[in-house]
Amino acid sequence: MPALSMHFGTSPDGLPIGVQIAAVWHAKSTLLHVATLLESVSPVRDLHPEL
């Protein structure tokens, strides 16, 4: 069963909020497509850690 977890937002206190997505067997491409769509609307998509 393919699954992934991704950072999706931040709480008012600055804590990370994640989302976990799971798909049926052999639906990896669907899972990645849904993750891409979620990432495109995520309010933290352009935030990157300082290196």
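Me: Which residue takes a positive phi in the hairpin of β1 and β2?
Reply: This is a predicted model. The hairpin has 5 residues between its strands. The residue with a positive phi, near 90°, is Gly-14.

Me: How many bridges join strand β1 to strand β2?
Reply: Strand β1 covers residues 3-10, and strand β2 covers residues 16-22. The two run antiparallel. Ser-5, for one, stands opposite Gln-20 in β2. The number of bridges joining the strands is 7.

Me: Is Ser-42 buried or exposed?
Reply: Ser-42 lies in the segment after α1 (28-41). Leaving aside residues up to four places away in sequence, Ser-42 touches His-7 and Phe-8. Its relative accessible area is 2%. Buried means under 20%, so Ser-42 is buried.

Me: Which elements each supply at least two residues of the largest nonpolar core?
Reply: The largest nonpolar core has 7 residues in all. They are Leu-4, Met-6, Ile-21, Ala-23, Ala-27, Leu-31 and Ala-35. Not counting residues up to four places away in sequence, Ala-23 touches Met-1, Pro-2 and Leu-31. The elements that each supply at least two core residues are β1 and α1.

Me: What is the radius of gyration of the protein chain, and is the chain more spread out than a compact globule or not?
Reply: From the N terminus on, the elements run β-β-α. For 51 residues the globule rule gives 10 Å. The radius of gyration is well over that, so the chain is more spread out than a compact globule. The value is 13 Å.

Note on methods
Residues numbered from 1 in each chain as written. Predicted model: local features only at pLDDT ≥ 70, side-chain atom pairs only at ≥ 80, totals over all residues. Heavy atoms only, no water. Pairing = 2+ DSSP bridges. Helix = DSSP H or I, 4+ residues; strand = E, 2+ residues; numbered from the N terminus. Buried < 20%, exposed > 50% of the residue type's maximum accessible area, 1.4 Å probe, protein only. Contact = heavy atoms within 4.5 Å. Core = buried A, V, L, I, M, F, W, Y, C linked by side-chain atoms within 4.5 Å. Rg over C-alpha atoms; globule rule 2.2 N^0.38 Å.
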